[in-house]
Amino acid sequence: MDIHRCRFVKHPAEPIHALAFSHSSSLKGKTPSDLRLALGRGNGDVEIWNPQNGHWVQEVILKGKKNSIIEQLAWTRDLIVEEGTDGSNFSHGPLRLFSSSGSNSITEWDICSGAPKRQTEGNFGDIWCFAAQPQIENPAKAKGLESGKSSQLLAAGCGNGTVILFSTEENDLRYLRPLLTPPVKKPRVVSITWRDRNTVVAGYEDSAIRVIDVRSRTVVRNMSLGKPADGDHTIVWTVKCLPDGTIISGDSTGELKIWDAKNFSLVQRLKSHTHDIIDLAMSATGDTVFSFGVDRRTVSYKAVASHTGSKKLRWAEVSHRRYHRHDVKCSATFESSDLSVLVSGGMDCRPVVVPIRKMQTETHRTLSHLQQRPVIASSAAARLFISWWNREIVVYQVRKSRDSADSTFDFDDSTGSAYETLTRLMLQGDENIQDAQISADGQFIAAATINTVKLFQLRKTQAVGRPCVRTRQIELPSTVVRLGARRTGFSPDGKWLYTIRKDNTVALNKIVPSQDVKERPTVHDKTVKLYRTSRNPPESALGTYRQTISHVAFSSDSRVLAVSDLSGAIDTWLLEGHEDLDFIETAGLDNDGSSDSSSSSSSDEDEDESPVIHAQKWIRNPSGSHLPQLDSSILALTFRPSPKVSLWNPADGNLGLHATRHNAQPVAHELPSSEEKLIAVTATHQLVEFDVLNCRLSDWSRRNPSKYLPHAFTRLKDRVVGCFWDCTDRTNRGERLWLYGLNWLFMLDVSQDLQYQATKVEKVGTLGRYDVLDPVSPDGKQEQGLGPKALEMPNANANANNSQTQRLGGGHHAQKKRKRNTGAGDAMPVHERGTGLGSAMLKYKTDLGDADVIDMDVDVDMDQDTDAEVDDEDGDDMLALMRRGEGQGHQNQNAAKAASSSTEGRQSLLTNANANANTTSRPLYWSTFAYHGILGIGVIGPAPATPADESTSENGEEKIQNQNQNQNLEVVIVERDIYELVQKAPYGRIDAGQDWET
């Protein structure tokens with residue numbers, strides 16, 4: 001594979017200004033399945049992250065507008081009390097997300113459609129900060145709850161010193177009343193928080209903190225910070241309240257101040273920052289406080305006894321560290337029985353996840369500063385690729401490289417000879433681009449915003465001896481343009497333009513080429529609307545958010561379409577009939593109405609209403625069932641390229657059909673005949689392949705469950721961003737599926753069976769009433785990197801001991817418990833821990849040497865079900881291994897079944913299966929970490945095969961298959977490393993030098 005390593009794409013960096021979790025912390029409960037993290041950036045985008053199981057998947061980006069910015073974020077959730085129950089029966093409404101942009105308005109986002117839902121404005125000045133009223137704690141024990149919805153108020157601080165309230169009642173957002181008129185000098189309100197449901201605490205720029213009673217709208221107490229040594233006033237950048245009512249503040253002097261909960265007097269001040277403190281965060285119990293500042297420090301504090309034996313507590317700095325490379329502007333915390341994390345972000349554009357409960361024993365984790373899905377698209381036929389950001393699309397052309405023994409071509413912007421910037425497209429309007437794609441032949445570019453869709457044609461030409469392209473816009477049907485889209489793209493043959501609308505309706509439009517090159521192509525006036533199969537999803541506070549379509553895939557012949565959503569569900573449609581451009585269509589109304597209909601209400605629409613376009617019609621997969629839903633959201637969806645290249649569908653496929661009185665223009669109903677295999681990669685890095693036409697797992701996936709995937713892939717922290725195929729030489733190289741993430745590239749040959757690597761356990765000694773077991777590989781060598789020796793209780797009798805031997809040493813995965821981290825990084829090595837203690841200790845119970853192993857990293861309050869993952873039963877493994885012998889005859893199947901009944905037979909079956917899996921010398925997988933900040937990877941060569949001879953089908957297919965037999969795949973890897981992004985950012989240079997100050 002030939003690689004062009006490109007760093008000339010000027011994709012901008014956007015700093016993080018706001019972070020907010022959708023749920024409040026609950027130490028005794030599990031992490032809610034609908035927990036999400038909202039992240040606001042400097043270009044007005046809001047990212048929705050899913051932190052489940054510590055995978056941290058960026059699911060959706062709510063695109064902003066021109067010159068917009070996200071300064072604050074807040075979630076609310078109404079409490080619904082049934083009538084006549086005196087507050088005993090209640091439920092919670094859906095989650096609602098609000099944001100402010102530094103103007104005089106607050107915006108509510110519709111996370112299901114990806115568009116702003118409503119906005120409220122006023123003449124009260126620019127909003128500098130706002131906060132949501134706390135929810136009612138323990139509603140079952142609360143008294144005086146009235147029937148109906150109990151909503152949360154929004155308190156906002158303005159630039160003229162006014163504090164105002166917004167109401168979110170009745171699923172609305174409106175201005176309610178002013179809470180506090182501005183002081184005489186009208187200082188800005190730069191920070192605000194709720195102490196309880198009836199008290200607001202606001203920090204001003206005039207060295208003052210004011211405690212305001214919401215019911216009486218009066219100031220309870222003015223707390224002055226005093227005049228600083230430098231300047232006239234101290235700016236209170238952040239103010240928070242601990243669970244016991246204690247007020248903490250961070251200001252422009254770099255001091256953390258602690259205020260008494262009863263008399264609001266200054267109790268303590270700590271100087272831990274050299275510059276301003278911008279934000280504060282705290283643990284769920286309030287015993288740990290974190291401060292973040294301009295000096296890039298993250299400082300943690302704990303309440304300790306003032307002296308030995310004293311009950312009086314004072315705050316002390318525990319540790320500080322620079323996780324970021326620039327100013328830290330915002331933070332958010334969430335804690336449950338299995339998740340305990342602190343997330344911070346700032347001007348270096350990268351969110352950092354830090355463990356709270358196990359800060360001394362677990363490492364932190366830095367998330368991606370780029371999007372979860374690639375923002376580049378390529379055309380192998382034209383050697384073009386595009387990249388887009390905000391409202392701009394840039395088209396590049398990569399020149400063919402000279403013949404060289406080195407297959408890696410590292411081109412830099414300074415040479416100016418590796419690529420050409422052909423053109424730039426600037427979309428009119430204020431909305432940022434949701435998606436953009438280029439057709440496989442490089443002739444069209446489609447761009448979609450939340451309110452419009454545009455189609456452009458590219459025409460190559462020469463200007464001053466250099467290649468360039470001219471663009472012209474192609475007119476689309478009015479309903480397609482007006483309704484907008486969240487996803488758009490083309491089929492591989494370039495004949496169909498698809499758009500995924502805000503209501504998750506799949507719309508298809510046929511592109512009709514023109515007879516004359518100078519004339520513009522046209523788009524068929526009929527729109528095909530495809531609706532997904534109705535399902536019964538579990539109730540969620542996110543509503544229909546998990547049904548948001550995230551990926552679209554076409555088969556190689558463009559006759560099978562598949563879409564997937566955030567819940568792991570997949571829907572497929574087929575294109576029946578033969579294309580006939582001379583087909584006379586019957587007059588009828590366009591099925592695309594003028595209103596934006598709901599996909600849920602139209603999912604049962606009769607398939608006969610789908611229009612027939614050029615004698616072809618899109619129908620739902622007629623197999624009678626839908627593909628099984630996967631365990632998590634799908635991050636990559638692709639069809640396995642077919643080994644046979646089908647010729648163009650002949651127009652005479654419709655000849656021989658007899659017209660009737662009711663059907664004057666009959667069409668064929670022929671379906672795709674080739675086996676279409678669809679591969680999906682989930683957020684848990686599980687890889688599944690489906691046989692689409694039969695709606696079941698493919699034979700390869702049945703022989704190779706996801707647990708057989710190489711450990712080099714499953715252990716990756718950064719999730720999958722995209723994928724591409726290398727099938728240029730199936731005989732010598734196989735079918736290579738390339739997956740890539742932020743900093744890694746992984747190849748998996750799916751033409752081979754995966755190796756089953758089981759872990760054996762060998763008894764090497766005893767310790768009291770425990771057996772000391774050493775994990776070893778199947779070949780008898782000691783397994784590396786499996787941690788300390790395991791301790792297993794001996795069984796009481798020989799039968800139980802034999803059963804344990806079969807479970808642990810019989811060539812299968814041992815049913816062992818595997819500790820899970822608390823949502824950040826992995827466990828810190830013992831020699832790197834500041835405490836110097838190990839992770840386990842022995843507690844001797846008697847003088848005879850009986851001992852218990854105590855894991856010091858386990859929290860006694862954590863649910864054991866969330867701390868452990870038990871491997872699947874051995875029967876699934878044996879069934880997969882037996883399937884590998886199905887092609888060797890009935891006798892081998894019976895032998896395999898008989899062998900699976902004994903331990904020696906299982907080991908023999910495992911050896912034979914691995915031997916059959918390695919009959920070729922091709923590598924099964926390969927990975928590298930040589931790339932940093934991968935923005936996307938596009939295939940730019942070789943050009944797709946075309947029919948060489950349409951007169952002889954068999955000879956034509958052979959020529960097509962051999963056309964690219966000896967050509968290498970050519971890709972362009974676009975990198976945008978964080979250092980280069982922040983260093984060239986307009987808001988300042990990154991401070992990468994060593995800071996020796998402690």
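# A guided tour of the predicted chain

Start with the whole chain: 12 helices and 63 strands. Both kinds of element are DSSP runs numbered from the N terminus, with helices (H or I) of at least four residues and strands (E) of at least two. This is a predicted model, in which local features need pLDDT of at least 70, side-chain atom pairs count only at pLDDT 80 or more, and totals for chains, interfaces and linings use all residues. Residues are numbered from 1 along each chain as its sequence is written, and side-chain values use heavy atoms, with hydrogens and water left out.

**The whole chain**

Colour by accessibility. Of the 998 residues in the chain, 53% are buried. Buried means under 20% relative accessible area, exposed means over 50%, and partly exposed lies in between (1.4 Å probe, protein chains only). Now show the surface. The accessible surface comes to about 45,500 Å², and 46% of it belongs to carbon and sulfur atoms. Such areas come from the Shrake-Rupley method with a 1.4 Å probe; for residues, only the protein chains shown count as cover.

Turn to contacts, meaning heavy atoms within 4.5 Å. Take those between residues at least 6 apart in sequence: 60% join residues at least 24 apart.

**Stop 1: strand β12**

Select residues 154-158, which form β12. Here 5 of the 5 residues are buried, so the strand is largely enclosed by the rest of the structure. Check both faces. Leu154, Ala156 and Cys158 are buried on one side, and Ala155 and Gly157 are buried on the other.

Add β10 (residues 127-132), which runs antiparallel to β12 and is joined to it by 5 bridges. Two strands count as paired if DSSP finds at least two bridges between them. Phenylalanine 130 stands opposite alanine 156.

Next add β13 (residues 163-167). This strand and β12 pair in the antiparallel sense over 4 bridges. Alanine 156 has isoleucine 164 as its bridge partner in β13. The two strands form a hairpin with 4 residues between them. Click on glycine 161 in the turn: its phi is positive, about 90°.

**Stop 2: a four-stranded sheet**

Select β15 through β18. These 4 strands form an open sheet in the order β15-β16-β17-β18, with antiparallel pairing. The edges are β15 (189-196) and β18 (218-224), each pairing on one side only. From one strand to the next, the twist averages 20°. The axes used for such angles are lines fitted to C-alpha atoms (for helices, over the stretch in contact), and angles run from 0 to 180 degrees between N-to-C directions.

Zoom in on β16 (residues 199-204) and β17 (residues 208-213), which run antiparallel and are joined by 5 bridges. Threonine 199 has aspartate 213 in β17 as its bridge partner.

**Stop 3: the largest cavity**

Switch to internal space. On a 1 Å grid over the protein atoms alone, a cavity is a set of points where a 1.4 Å probe fits but cannot get out; lining residues have an atom within 4 Å of a point. Grid points are joined across faces, edges and corners, and a volume is the space filled by probe spheres set on the points. The count is 5 cavities of 30 Å³ or more.

The largest cavity holds about 330 Å³ of space. Its lining has 25 residues; select Glu59, Val60, Ile61, Arg373 and Arg487, which lie nearest its centre. Elements giving two or more residues to this lining are β5 (57-62), β45 (549-554) and β49 (634-639). β5 gives the most, with 5 residues.

**Stop 4: backbone exceptions**

Most residues other than glycine have a negative phi, and most peptide bonds are trans. Three places are worth a click.

- Asparagine 53 is not a glycine, yet has a positive phi of about 60°. This residue sits in the loop between β4 (46-50) and β5. Asparagine 53 counts as partly exposed, at 39% relative accessibility.
- Serine 558 has a positive phi near 65°. Find serine 558 in the loop between β45 and β46 (560-565). Serine 558 is buried, with a relative accessible area of 1%.
- Proline 942 follows a cis peptide bond from glycine 941, with omega near -5°. Proline 942 is in the loop between β62 (934-941) and α11 (953-963).

**Last stop: lysine 677**

Select lysine 677 in β50 (residues 677-682). Is lysine 677 buried or exposed? At 18% relative accessibility, lysine 677 counts as buried. Leave aside neighbours within four places in sequence, and lysine 677 is in contact with Thr638, Phe639, Arg640, Glu689, Phe690, Asp691 and Ser698.

Conventions:
On a 1 Å grid over the protein atoms alone, a cavity is a set of points where a 1.4 Å probe fits but cannot get out, and a pocket is an open set with protein on both sides within 12 Å along at least five of seven lines; lining residues have an atom within 4 Å of a point.
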